[in-house]
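User: I have a sequence and its model open in front of me. Can you walk me through how the parts fit together?

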Amino acid sequence: MNETHDSKDTPEPTRRFTASDLGSALALAVSVFALALGAYQTRLMQSQARASVWPFLSIGYTYSSNVDRDAFIWTVNNNGVGPAKVETVRVTLDGKPMHDWQQILVALGADDTSPSMATSSIGGEVIPPNTNRETTIAPIRLNDREVAKLFKAAEHRLGMDICYCSVYDECWVAHWQRSRVEAVDRCDTLGGEAFSN
């Protein structure tokens, strides 16, 4: 009597894990690790490149009551390591946006409508870092002692916000007499009216 063997009843040979399979798995793991390491190194290099050109603006003043020249100087410094592209400048008095220095002088009650002063525009300027050199910009320099006193007395009423960007278009806002800057997406966030001198 012929017995018919059903192919379903025959056990299939089990696949064994061979040395070549182990080698393939290890090669795949090493490839994935190398790819992850390369991505991490690329990200680290980009962060280092950004940090190497990071600008940091600070806004302050100097005041001297006993000389006629340079009695009051409003100062803007780039204490970072990269250039700062100034995009937007806003100056306020009592929270109200001002158009120019003349408007501020009138609002402060200066007797002379054209006192002895020098102004510098910073809107649209690129301020280099002050590493190994002096790069302070003086938006206004008052030589008249009486007008300088008015500015000094109003220092808590005055405000200046400067929005600036790095060469990588990362942007910050520096504030009058504050040690910290505020990161922003773009420089149209200041609102109010642009200041010109």
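User: Which residue stands opposite Trp74 in β7?

Analyst: This is a predicted model. Look along β7, where Trp74 has a partner across from it. Thr119 stands opposite that partner too. The residue is Ile140.

User: In what order do the four strands of the open sheet lie?

Analyst: Start with β2 and β7, which run antiparallel and are joined by four bridges. Phe72 stands opposite Leu142 in β7. Next, β5 (residues 117-119) pairs with β7, also in the antiparallel sense, over three bridges. With β1 included, the order is β1-β2-β7-β5.

User: Which are the edge strands of that sheet?

Analyst: The sheet is open, and its pairing is antiparallel. An edge strand here pairs on one side only. The edge strands are β1 and β5.

User: What is the average twist from one strand to the next?

Analyst: Follow the sheet in the order β1-β2-β7-β5. From one strand to the next, the average twist is 15°.

User: α2 packs on the sheet, but what angle does its direction make with that of β5?

Analyst: α2 touches β2, β5 and β7. Compare the direction of α2 with that of β5. The angle is about 140°.

User: Is β7 largely enclosed or open to the outside?

Analyst: Count the buried residues of β7: five of the six. That is why β7 is described as largely enclosed by the rest of the structure. The answer is enclosed.

User: Why are the buried residues of α3 said to be on the same side, and what arc do they cover?

Analyst: α3 spans residues 145-153, and its buried residues are Val147, Ala148 and Phe151. They lie on the same side of α3 because they cover only a limited arc around the axis. That arc is 105°.

User: Which residues are exposed on the other side of α3?

Analyst: The buried side of α3 has a cover that includes β1, β2, α2, β7 and β8. Turn to the other side of the helix for the exposed residues. They are Glu146 and Ala153.

User: At the start of α3, which residue's side-chain oxygen reaches to the backbone nitrogen of Glu146?

Analyst: Look at the start of the helix. A side-chain oxygen comes within 2.9 Å of that backbone nitrogen. It belongs to Asp144.

User: Which element supplies the largest share of the largest nonpolar core?

Analyst: This core has 34 residues. Those with the most contacts inside it are Leu57, Trp74, Ile104, Phe151, Met160 and Ile162. At least two residues come from each of β1, β2, β3, α2, β7, α3, β8 and β9. The largest share is five residues, and it comes from β3.

User: Leaving aside neighbours within four places in sequence, which residues is Phe151 in contact with?

Analyst: Phe151 is one of the buried residues of α3. Its contacts here leave aside neighbours within four places in sequence. They are Phe72, Trp74, Trp101, Ile104, Leu105, Leu108, Ile140, Leu142 and Leu158.

User: How many residues does the other core have?

Analyst: This core lies apart from the largest one. Among its members are Cys163, Cys165, Val173 and Cys187. The count is six residues.

User: Is Asp100 buried or partly exposed?

Analyst: Asp100 sits in the loop between β4 and α2. A polar atom of its side chain lies 2.8 Å from the backbone nitrogen of Gln103. The relative accessibility of Asp100 is 27%, so the residue counts as partly exposed.

Note on methods:
Residues numbered from 1 in each chain as written. Predicted model: local features only at pLDDT ≥ 70, side-chain atom pairs only at ≥ 80, totals over all residues. Heavy atoms only, no water. Buried < 20%, exposed > 50% of the residue type's maximum accessible area, 1.4 Å probe, protein only. Arc of directions from axis to C-beta. Contact = heavy atoms within 4.5 Å. Polar contact = N/O pair within 3.5 Å; in protein donor to acceptor, adjacent residues only side chain to side chain. Pairing = 2+ DSSP bridges. Axes fitted to C-alpha atoms, helices over the stretch in contact; angles between N-to-C directions. Core = buried A, V, L, I, M, F, W, Y, C linked by side-chain atoms within 4.5 Å.
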